[in-house]
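Student: I am new to this structure and would like to learn how to read its features one at a time. Could we go slowly?

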Amino acid sequence: MRLAYDPSHYRDNTNLKDTIDAVARLGYEYVELSPRKDFIWFNEYPKVDKQLIKDLKRYCSDAGVKISSVLPVQQWSSPIEEERQAAVRNWKRCIEVTSELGVDLMNSEFAGDKSRPVQSEAAFVKSMDELMPLFEKEGIKLNLQSHPHDFIELNTEAIKMIRALDKEWIKLVYSVPHAFFYDDGIGDVEQHLEEAGDLLDHVLIADTLNHKAAFGLRYIVNPPDANVTVHQHLNPGEGEVNFEALYRKLREMEFDGIVTNSVFSYPDKPEWSNEITLKSIKEGLNI
């Protein structure tokens with residue numbers, strides 16, 4: 001099992017070198033390169049050149065940190081063709097950058113338009129038809145997660161789509177803070193992991209509240225019919241996810257993939273947050 005840190009707490013106010021140093025200082029051997037303005041940002045072309053790649057490799061080597069995966073988020077499932085094409089161009093560059101870094105895994109979200117699921121699925125499949133040969137050429141694996149407001153939110157539907165792609169190198173990211181979106185408010189983490197089975201390759205650790213609770217008023221949005229979704233990435237124990245069941249099921253499955261600290265909510269006190277979350281992970285998984 002690889003224990004990694006998503007350094008989103010540091011993305012806005014810390015340069016890349018200091019971010020990698022912070023990952024090492026917090027006690028991690030692996031870092032997940034999630035979106036940041038000075039590297040790969042959401043829905044933008046990567047702001048990366050050969051020198052930055054060389055520098056990043058040196059930062060990691062000096063800090064004793066390895067890159068577990070590169071995480072771009074692009075609108076590759078957009079029903080708007082021009083937007084989809086731009087996302088594919090961006091993805092191609094992201095794949096090249098990942099290869100030049102010597103990393104063999106990327107992970108991402110389905111994206112798309114929740115209100116247009118059929119058109120978004122068609123766009124996603126078209127994008128994958130264009131990108132899968134490049135993934136295979138570069139020897140890079142891909143892990144996918146459904147995300148709140150994506151065209152796929154349910155865990156079962158994400159699994160079906162991954163199986164439909166039918167590539168042994170495409171597997172599932174299970175994001176714990178999305179648990180209540182994965183089954184429309186139930187949050188049965190054990191069932192989700194059981195459904196994933198052999199596709200499960202990456203687990204993101206954070207807590208959240210059930211957005212369906214309190215008669216759907218756990219979060220009050222005005223106007224009430226606004227097209228939004230809400231969730232959090234809290235420290236374990238601050239929300240309503242059943243972490244005891246989650247860790248028990250992962251132990252039963254003898255999970256041996258990547259487990260990432262994916263708490264984003266405390267950029268003002270990341271070390272305090274990490275102390276809580278890292279303790280939860282290590283005690284829960286007997287690491």
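Student: Which residue forms a salt bridge with glutamate 29, and how far apart are the closest N and O atoms?

Tutor: Before the case itself, a word on the source: this is a predicted model, in which local features need pLDDT of at least 70 and side-chain atom pairs count only at pLDDT 80 or more, while totals for chains, interfaces and linings use all residues. Residues are numbered from 1 along each chain as its sequence is written, and side-chain values use heavy atoms, with hydrogens and water left out. As a general idea, side chains of opposite charge can pair when their charged atoms come close. The term salt bridge is used for a side-chain nitrogen of Lys or Arg within 4 Å of a carboxyl oxygen of Asp or Glu. Here the partner of glutamate 29 is lysine 66, and the closest N and O atoms are 3.3 Å apart.

Student: Where do glutamate 29 and lysine 66 lie?

Tutor: Helices (H or I, at least four residues) and strands (E, at least two) are DSSP runs, numbered from the N terminus. Glutamate 29 is in the loop between H1 and strand S2 (30-33), whereas lysine 66 is in strand S3 (residues 66-70), so the salt bridge ties together parts that are 37 residues apart in sequence.

Student: Is glutamate 29 buried, partly exposed or exposed?

Tutor: The words depend on relative accessible area: buried means under 20%, exposed means over 50%, and partly exposed is in between (1.4 Å probe, protein chains only). Glutamate 29 has a relative accessible area of 39% and is therefore partly exposed, and lysine 66, with 44%, is partly exposed as well.

Student: Which residue forms a salt bridge with aspartate 21?

Tutor: That partner is lysine 17, with the closest N and O atoms 2.9 Å apart. The two residues are separated by about one helical turn, because they are four residues apart in helix H1 (residues 16-25). Another case is the salt bridge of aspartate 55 and arginine 58 (3.1 Å, N to O); both lie in helix H2 (residues 50-63), three residues apart. Aspartate 55 is buried, with a relative accessible area of 15%, while arginine 58 is partly exposed at 39%.

Student: How many salt bridges does a search of the whole structure find?

Tutor: The search finds 22 salt bridges, and Glu81, Arg84, Lys126 and Glu130 are linked in a network of them.

Student: How should I read aromatic pairs, and how many does the structure hold?

Tutor: A pair of aromatic rings is described by the distance of the centres and the angle of the planes. Rings of Phe, Tyr and Trp (its six-membered ring) pair if their centres lie within 6.5 Å; planes under 30 degrees apart count as stacked, over 60 as edge-to-face and the rest as tilted. The structure holds 13 aromatic pairs. One of them joins phenylalanine 135 and tryptophan 169, a tilted pair with 5.5 Å from centre to centre and 35 degrees between the planes. This pair links distant parts of the chain, since phenylalanine 135 is in helix H4 (residues 117-138) and tryptophan 169 is in the loop between helix H5 (155-165) and strand S6 (170-175), 34 residues apart.

Student: Are phenylalanine 135 and tryptophan 169 buried or exposed?

Tutor: Both residues are buried, and ring pairs link them with Trp76, Trp91, Phe110, Phe124 and Phe151 into a cluster.
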